[in-house]
Amino acid sequence: MSNEQQKPSSPSRIASVTARIQRLKPVRVFLHYSQNRGPLLAGGLSYQAIFAVFAALWVTFSAIGLFLRSNDALQDSLFDLISTSVPGLIDQGDGAGGAIDPNELLQAGILGWTGAIALVGLLLTALNWLASGRDAVRTIFGIGPLKTNILVLKAKDLASALGFGLVILISAAITVFSTAALDFALEILGIDGASIAAQIVASALALLIVLALDTVVLAAFYRIVAGIVIPFRRLAGGALLGAVALGILKVLGSTLLGGASSNPLLASFAVIIGLLIWFNLICQVILVSAAWIAIGMIDAGIPLDPVAEEERQEKLRKEAEEKAAYAAAQAALRPRGIKRLFFWRNRSR
(Lines give C-alpha, C1' and ligand atoms only; values in the text may rest on other atoms or scores of the structure.)
Protein backbone atom coordinates (compact mmCIF):
# COMPACT_ATOMS: atom_id res chain seq x y z
CA MET A 1 0.00 0.00 0.00
CA SER A 2 1.37 3.41 -0.94
CA ASN A 3 2.10 6.21 1.55
CA GLU A 4 -0.64 8.31 0.01
CA GLN A 5 -3.18 5.57 0.79
CA GLN A 6 -1.91 5.07 4.33
CA LYS A 7 -2.05 8.74 5.34
CA PRO A 8 -5.45 10.41 5.65
CA SER A 9 -6.14 13.27 3.29
CA SER A 10 -5.47 16.81 4.39
CA PRO A 11 -9.18 17.82 4.50
CA SER A 12 -9.99 14.85 6.74
CA ARG A 13 -7.16 15.75 9.12
CA ILE A 14 -8.44 19.33 9.29
CA ALA A 15 -11.97 18.11 9.95
CA SER A 16 -10.70 15.78 12.69
CA VAL A 17 -8.73 18.55 14.39
CA THR A 18 -11.67 20.95 14.08
CA ALA A 19 -14.05 18.42 15.63
CA ARG A 20 -11.60 17.78 18.47
CA ILE A 21 -11.29 21.52 19.17
CA GLN A 22 -15.05 22.00 19.12
CA ARG A 23 -15.43 19.31 21.78
CA LEU A 24 -13.32 21.32 24.24
CA LYS A 25 -15.41 22.86 27.00
CA PRO A 26 -14.09 26.45 26.63
CA VAL A 27 -14.90 26.36 22.91
CA ARG A 28 -18.39 24.99 23.54
CA VAL A 29 -18.94 27.65 26.20
CA PHE A 30 -18.12 30.49 23.81
CA LEU A 31 -20.21 28.90 21.06
CA HIS A 32 -23.12 28.60 23.48
CA TYR A 33 -22.56 32.19 24.59
CA SER A 34 -22.57 33.47 20.99
CA GLN A 35 -25.53 31.36 19.85
CA ASN A 36 -27.64 32.73 22.71
CA ARG A 37 -26.92 36.39 21.75
CA GLY A 38 -24.43 36.89 24.59
CA PRO A 39 -22.47 39.82 23.05
CA LEU A 40 -25.70 41.68 22.22
CA LEU A 41 -27.09 41.14 25.71
CA ALA A 42 -23.81 42.30 27.30
CA GLY A 43 -23.87 45.48 25.21
CA GLY A 44 -27.36 46.36 26.42
CA LEU A 45 -26.47 45.63 30.04
CA SER A 46 -23.31 47.76 29.90
CA TYR A 47 -25.30 50.77 28.66
CA GLN A 48 -27.75 50.50 31.55
CA ALA A 49 -24.98 49.82 34.08
CA ILE A 50 -23.42 53.29 33.67
CA PHE A 51 -26.57 55.11 34.72
CA ALA A 52 -27.26 52.65 37.55
CA VAL A 53 -23.74 53.06 39.01
CA PHE A 54 -23.83 56.88 38.91
CA ALA A 55 -27.22 56.99 40.62
CA ALA A 56 -26.21 54.34 43.18
CA LEU A 57 -23.07 56.26 44.15
CA TRP A 58 -24.92 59.53 44.59
CA VAL A 59 -27.68 58.02 46.74
CA THR A 60 -25.21 55.97 48.83
CA PHE A 61 -23.04 58.96 49.64
CA SER A 62 -26.10 61.11 50.25
CA ALA A 63 -27.27 58.60 52.84
CA ILE A 64 -23.96 57.90 54.63
CA GLY A 65 -21.84 60.87 53.52
CA LEU A 66 -21.84 62.42 57.00
CA PHE A 67 -20.53 59.20 58.54
CA LEU A 68 -17.87 58.80 55.85
CA ARG A 69 -16.64 62.37 56.31
CA SER A 70 -15.87 61.55 59.94
CA ASN A 71 -14.08 58.27 59.13
CA ASP A 72 -11.10 58.86 56.87
CA ALA A 73 -9.92 55.23 56.88
CA LEU A 74 -13.28 53.84 55.74
CA GLN A 75 -13.63 56.69 53.26
CA ASP A 76 -10.26 55.96 51.63
CA SER A 77 -10.92 52.22 51.62
CA LEU A 78 -14.30 52.67 49.95
CA PHE A 79 -12.88 54.98 47.28
CA ASP A 80 -10.02 52.54 46.62
CA LEU A 81 -12.50 49.66 46.32
CA ILE A 82 -14.67 51.60 43.87
CA SER A 83 -11.63 52.68 41.83
CA THR A 84 -10.39 49.10 41.71
CA SER A 85 -13.80 47.75 40.68
CA VAL A 86 -14.49 50.49 38.11
CA PRO A 87 -11.30 52.19 36.87
CA GLY A 88 -11.81 55.79 35.81
CA LEU A 89 -14.98 56.30 37.83
CA ILE A 90 -13.44 58.14 40.82
CA ASP A 91 -10.92 60.96 40.37
CA GLN A 92 -8.15 60.11 42.81
CA GLY A 93 -6.12 63.24 42.12
CA ASP A 94 -3.23 61.41 40.48
CA GLY A 95 -3.65 63.15 37.14
CA ALA A 96 -5.35 60.19 35.51
CA GLY A 97 -8.72 61.89 35.70
CA GLY A 98 -12.07 60.42 36.65
CA ALA A 99 -15.78 60.84 36.06
CA ILE A 100 -16.65 61.79 39.66
CA ASP A 101 -14.93 64.11 42.11
CA PRO A 102 -14.92 62.36 45.53
CA ASN A 103 -15.27 65.70 47.34
CA GLU A 104 -18.57 66.33 45.58
CA LEU A 105 -19.79 62.90 46.62
CA LEU A 106 -18.93 63.59 50.25
CA GLN A 107 -20.89 66.85 50.10
CA ALA A 108 -24.02 65.19 48.68
CA GLY A 109 -27.22 65.75 50.66
CA ILE A 110 -30.16 63.36 50.48
CA LEU A 111 -32.61 66.12 51.41
CA GLY A 112 -31.70 68.22 48.37
CA TRP A 113 -33.49 68.03 45.07
CA THR A 114 -30.44 66.45 43.45
CA GLY A 115 -30.56 63.60 45.98
CA ALA A 116 -34.27 63.08 45.32
CA ILE A 117 -33.72 62.93 41.55
CA ALA A 118 -30.82 60.55 42.02
CA LEU A 119 -32.95 58.35 44.27
CA VAL A 120 -35.65 58.08 41.60
CA GLY A 121 -32.99 57.45 38.97
CA LEU A 122 -31.44 54.75 41.13
CA LEU A 123 -34.74 52.96 41.58
CA LEU A 124 -35.46 53.04 37.87
CA THR A 125 -32.01 52.24 36.50
CA ALA A 126 -30.91 49.74 39.15
CA LEU A 127 -34.15 47.78 39.03
CA ASN A 128 -34.18 47.84 35.22
CA TRP A 129 -30.56 46.66 35.13
CA LEU A 130 -31.30 43.80 37.52
CA ALA A 131 -34.37 42.83 35.48
CA SER A 132 -32.37 42.94 32.24
CA GLY A 133 -29.51 41.03 33.84
CA ARG A 134 -31.90 38.36 35.08
CA ASP A 135 -33.42 37.93 31.61
CA ALA A 136 -29.94 37.88 30.02
CA VAL A 137 -28.66 35.13 32.33
CA ARG A 138 -31.83 33.09 31.86
CA THR A 139 -31.47 33.51 28.08
CA ILE A 140 -27.91 32.15 28.30
CA PHE A 141 -29.32 29.17 30.18
CA GLY A 142 -32.04 28.75 27.56
CA ILE A 143 -34.77 29.42 30.12
CA GLY A 144 -37.78 31.66 29.66
CA PRO A 145 -38.64 34.70 31.83
CA LEU A 146 -39.27 34.15 35.53
CA LYS A 147 -42.99 33.63 36.10
CA THR A 148 -43.62 35.67 39.23
CA ASN A 149 -45.90 38.52 40.22
CA ILE A 150 -44.35 41.77 38.95
CA LEU A 151 -44.62 43.49 42.35
CA VAL A 152 -42.96 40.58 44.11
CA LEU A 153 -40.25 40.56 41.46
CA LYS A 154 -39.53 44.30 41.84
CA ALA A 155 -39.45 43.96 45.63
CA LYS A 156 -36.95 41.11 45.23
CA ASP A 157 -34.83 43.24 42.89
CA LEU A 158 -34.88 46.15 45.35
CA ALA A 159 -33.79 43.88 48.18
CA SER A 160 -31.01 42.48 45.98
CA ALA A 161 -29.78 45.97 45.08
CA LEU A 162 -29.68 46.97 48.75
CA GLY A 163 -27.92 43.71 49.58
CA PHE A 164 -25.24 44.27 46.94
CA GLY A 165 -24.65 47.79 48.25
CA LEU A 166 -24.36 46.47 51.80
CA VAL A 167 -21.83 43.84 50.66
CA ILE A 168 -19.66 46.60 49.16
CA LEU A 169 -19.75 48.62 52.39
CA ILE A 170 -18.95 45.52 54.45
CA SER A 171 -16.06 44.73 52.10
CA ALA A 172 -14.67 48.23 52.59
CA ALA A 173 -14.95 47.84 56.37
CA ILE A 174 -13.21 44.45 56.20
CA THR A 175 -10.42 46.04 54.17
CA VAL A 176 -9.90 48.69 56.87
CA PHE A 177 -9.91 46.07 59.61
CA SER A 178 -7.57 43.70 57.75
CA THR A 179 -5.16 46.53 56.94
CA ALA A 180 -5.03 47.54 60.60
CA ALA A 181 -4.57 43.91 61.64
CA LEU A 182 -1.78 43.46 59.07
CA ASP A 183 0.01 46.60 60.28
CA PHE A 184 -0.26 45.35 63.86
CA ALA A 185 1.11 41.92 62.91
CA LEU A 186 4.02 43.44 60.97
CA GLU A 187 4.82 45.69 63.91
CA ILE A 188 4.94 42.70 66.28
CA LEU A 189 7.17 40.78 63.87
CA GLY A 190 9.43 43.79 63.48
CA ILE A 191 8.84 44.10 59.71
CA ASP A 192 8.82 47.53 58.13
CA GLY A 193 5.40 48.33 56.73
CA ALA A 194 7.00 50.16 53.78
CA SER A 195 9.09 47.16 52.74
CA ILE A 196 8.48 45.30 49.49
CA ALA A 197 7.40 42.15 51.32
CA ALA A 198 4.83 44.06 53.36
CA GLN A 199 3.45 45.74 50.24
CA ILE A 200 3.17 42.39 48.45
CA VAL A 201 1.27 40.88 51.38
CA ALA A 202 -1.04 43.92 51.57
CA SER A 203 -1.75 43.78 47.84
CA ALA A 204 -2.43 40.04 47.96
CA LEU A 205 -4.78 40.52 50.91
CA ALA A 206 -6.69 43.24 49.07
CA LEU A 207 -7.01 41.04 45.98
CA LEU A 208 -8.30 38.13 48.06
CA ILE A 209 -10.95 40.36 49.63
CA VAL A 210 -12.07 41.60 46.21
CA LEU A 211 -12.03 38.01 44.88
CA ALA A 212 -14.27 36.82 47.72
CA LEU A 213 -16.61 39.79 47.20
CA ASP A 214 -16.93 39.15 43.45
CA THR A 215 -17.52 35.42 44.01
CA VAL A 216 -20.33 36.07 46.48
CA VAL A 217 -21.94 38.73 44.26
CA LEU A 218 -21.83 36.55 41.13
CA ALA A 219 -23.22 33.52 42.96
CA ALA A 220 -26.04 35.63 44.40
CA PHE A 221 -26.75 37.12 40.98
CA TYR A 222 -27.08 33.71 39.30
CA ARG A 223 -28.99 31.99 42.10
CA ILE A 224 -31.11 34.71 43.72
CA VAL A 225 -31.59 37.43 41.10
CA ALA A 226 -31.83 35.13 38.06
CA GLY A 227 -33.73 32.53 40.08
CA ILE A 228 -31.92 29.53 38.55
CA VAL A 229 -31.56 26.30 40.52
CA ILE A 230 -27.84 25.46 40.32
CA PRO A 231 -26.02 22.79 42.36
CA PHE A 232 -23.71 24.43 44.89
CA ARG A 233 -20.50 22.92 43.51
CA ARG A 234 -21.17 24.15 39.99
CA LEU A 235 -22.43 27.51 41.22
CA ALA A 236 -19.32 28.04 43.35
CA GLY A 237 -16.99 26.92 40.55
CA GLY A 238 -18.60 29.16 37.93
CA ALA A 239 -18.78 32.17 40.26
CA LEU A 240 -15.14 31.71 41.29
CA LEU A 241 -14.08 31.46 37.64
CA GLY A 242 -15.96 34.67 36.87
CA ALA A 243 -14.43 36.37 39.91
CA VAL A 244 -10.93 35.42 38.76
CA ALA A 245 -11.67 36.84 35.30
CA LEU A 246 -12.98 40.04 36.89
CA GLY A 247 -9.84 40.21 39.04
CA ILE A 248 -7.64 39.97 35.95
CA LEU A 249 -9.63 42.75 34.33
CA LYS A 250 -9.22 44.93 37.42
CA VAL A 251 -5.48 44.34 37.56
CA LEU A 252 -5.18 45.24 33.87
CA GLY A 253 -7.87 47.91 34.00
CA SER A 254 -5.67 50.96 33.44
CA THR A 255 -3.87 49.21 30.57
CA LEU A 256 -7.06 48.06 28.91
CA LEU A 257 -8.64 51.49 29.05
CA GLY A 258 -5.53 53.50 28.23
CA GLY A 259 -6.22 53.44 24.50
CA ALA A 260 -9.25 55.70 24.74
CA SER A 261 -7.43 58.52 26.54
CA SER A 262 -4.41 58.31 24.22
CA ASN A 263 -6.54 58.99 21.13
CA PRO A 264 -6.76 62.81 20.62
CA LEU A 265 -10.07 62.43 18.78
CA LEU A 266 -11.61 60.75 21.82
CA ALA A 267 -9.88 62.76 24.57
CA SER A 268 -12.99 64.78 25.42
CA PHE A 269 -15.05 61.61 25.87
CA ALA A 270 -12.28 59.37 27.20
CA VAL A 271 -13.88 58.79 30.60
CA ILE A 272 -17.32 57.88 29.24
CA ILE A 273 -15.86 55.69 26.48
CA GLY A 274 -13.60 54.00 29.01
CA LEU A 275 -16.55 53.28 31.29
CA LEU A 276 -18.57 51.87 28.38
CA ILE A 277 -15.70 49.57 27.45
CA TRP A 278 -15.19 48.55 31.05
CA PHE A 279 -18.83 47.76 31.77
CA ASN A 280 -19.11 45.86 28.50
CA LEU A 281 -16.17 43.66 29.53
CA ILE A 282 -17.68 43.14 32.99
CA CYS A 283 -21.08 42.18 31.58
CA GLN A 284 -19.48 39.79 29.10
CA VAL A 285 -17.59 38.08 31.93
CA ILE A 286 -20.86 37.71 33.85
CA LEU A 287 -22.63 36.09 30.90
CA VAL A 288 -19.68 33.92 29.82
CA SER A 289 -19.44 32.58 33.38
CA ALA A 290 -23.16 31.81 33.22
CA ALA A 291 -22.55 29.93 29.95
CA TRP A 292 -19.74 27.96 31.65
CA ILE A 293 -22.15 26.86 34.39
CA ALA A 294 -24.85 26.00 31.84
CA ILE A 295 -22.52 23.82 29.73
CA GLY A 296 -21.26 22.08 32.87
CA MET A 297 -24.83 21.27 33.90
CA ILE A 298 -25.66 20.01 30.39
CA ASP A 299 -22.59 17.75 30.41
CA ALA A 300 -23.60 16.35 33.81
CA GLY A 301 -27.20 15.74 32.67
CA ILE A 302 -28.59 18.29 35.15
CA PRO A 303 -31.74 20.04 33.85
CA LEU A 304 -31.25 23.78 33.39
CA ASP A 305 -34.91 24.38 34.22
CA PRO A 306 -36.16 21.85 36.79
CA VAL A 307 -39.72 23.17 36.58
CA ALA A 308 -39.91 22.75 32.80
CA GLU A 309 -38.19 19.35 33.08
CA GLU A 310 -40.72 18.24 35.70
CA GLU A 311 -43.59 19.39 33.47
CA ARG A 312 -42.05 17.51 30.53
CA GLN A 313 -41.64 14.34 32.58
CA GLU A 314 -45.23 14.66 33.82
CA LYS A 315 -46.43 15.03 30.23
CA LEU A 316 -44.45 11.97 29.16
CA ARG A 317 -45.83 10.01 32.11
CA LYS A 318 -49.41 10.90 31.19
CA GLU A 319 -48.81 9.97 27.55
CA ALA A 320 -47.35 6.64 28.64
CA GLU A 321 -50.37 5.99 30.89
CA GLU A 322 -52.76 6.84 28.05
CA LYS A 323 -50.93 4.51 25.67
CA ALA A 324 -50.94 1.74 28.27
CA ALA A 325 -54.68 2.23 28.90
CA TYR A 326 -55.40 2.20 25.17
CA ALA A 327 -53.35 -0.96 24.69
CA ALA A 328 -55.16 -2.64 27.61
CA ALA A 329 -58.54 -1.69 26.16
CA GLN A 330 -57.55 -3.08 22.77
CA ALA A 331 -56.37 -6.29 24.38
CA ALA A 332 -59.64 -6.62 26.30
CA LEU A 333 -61.75 -6.17 23.16
CA ARG A 334 -59.74 -8.53 20.95
CA PRO A 335 -61.02 -11.88 22.44
CA ARG A 336 -64.65 -10.71 22.20
CA GLY A 337 -64.18 -9.92 18.55
CA ILE A 338 -62.72 -13.38 17.88
CA LYS A 339 -65.60 -15.12 19.73
CA ARG A 340 -68.14 -13.14 17.73
CA LEU A 341 -66.40 -14.10 14.49
CA PHE A 342 -66.57 -17.85 15.31
CA PHE A 343 -70.21 -17.46 16.43
CA TRP A 344 -71.34 -15.96 13.13
CA ARG A 345 -69.36 -18.52 11.13
CA ASN A 346 -70.97 -21.46 12.96
CA ARG A 347 -74.40 -19.90 12.63
CA SER A 348 -74.03 -19.47 8.89
CA ARG A 349 -73.29 -23.15 8.52
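Q: How many of the residues of the chain count as buried, and what makes a residue buried?
A: Of the 349 residues of the chain, 31% count as buried; the word means under 20% relative accessible area, with exposed meaning over 50% and partly exposed lying in between (1.4 Å probe, protein chains only). The model is a predicted one, in which local features need pLDDT of at least 70, side-chain atom pairs count only at pLDDT 80 or more, and totals for chains, interfaces and linings use all residues. Residues are numbered from 1 along each chain as its sequence is written, and side-chain values use heavy atoms, with hydrogens and water left out.

Q: Why is H32 called buried?
A: The relative accessible area of H32 is 13%, and the limit for buried is under 20%; H32 is therefore buried. H32 is found in helix α3 (residues 25–35), where helices are DSSP runs of H or I with at least four residues, numbered from the N terminus. Not counting residues up to four places away in sequence, H32 touches I140, A291, A294 and I295, contact being heavy atoms within 4.5 Å.

Q: Why is L207 called partly exposed?
A: L207 has a relative accessible area of 48%. Partly exposed lies between the limits of under 20% and over 50%, so L207 belongs to that class. L207 is found in helix α9 (residues 196–225), whose buried residues include I209, L213 and F221.

Q: How do you know that the span of α9 is close to the expected one?
A: Helix α9 has 30 residues and reaches 42 Å from its first C-alpha to its last. The expected span is 1.5 Å times one less than the number of residues, which gives 44 Å for α9, and the span is close to that value.

Q: What makes the largest nonpolar core, and which element gives the most to this core?
A: A nonpolar core is a set of buried Ala, Val, Leu, Ile, Met, Phe, Trp, Tyr and Cys residues joined through side-chain atoms within 4.5 Å. The largest has 53 residues, and among those with the most contacts inside it are V137, F221 and L287. Helix α13 gives the most to this core, with 15 residues. In soluble globular proteins, nonpolar side chains tend to be buried together.

Q: Which residues does L287 contact?
A: Leaving aside neighbours within four places in sequence, L287 is in contact with Y33, G38, L41, A42, L45, A136, V137 and I140.

Technical notes. Helices (H or I, at least four residues) and strands (E, at least two) are DSSP runs, numbered from the N terminus.
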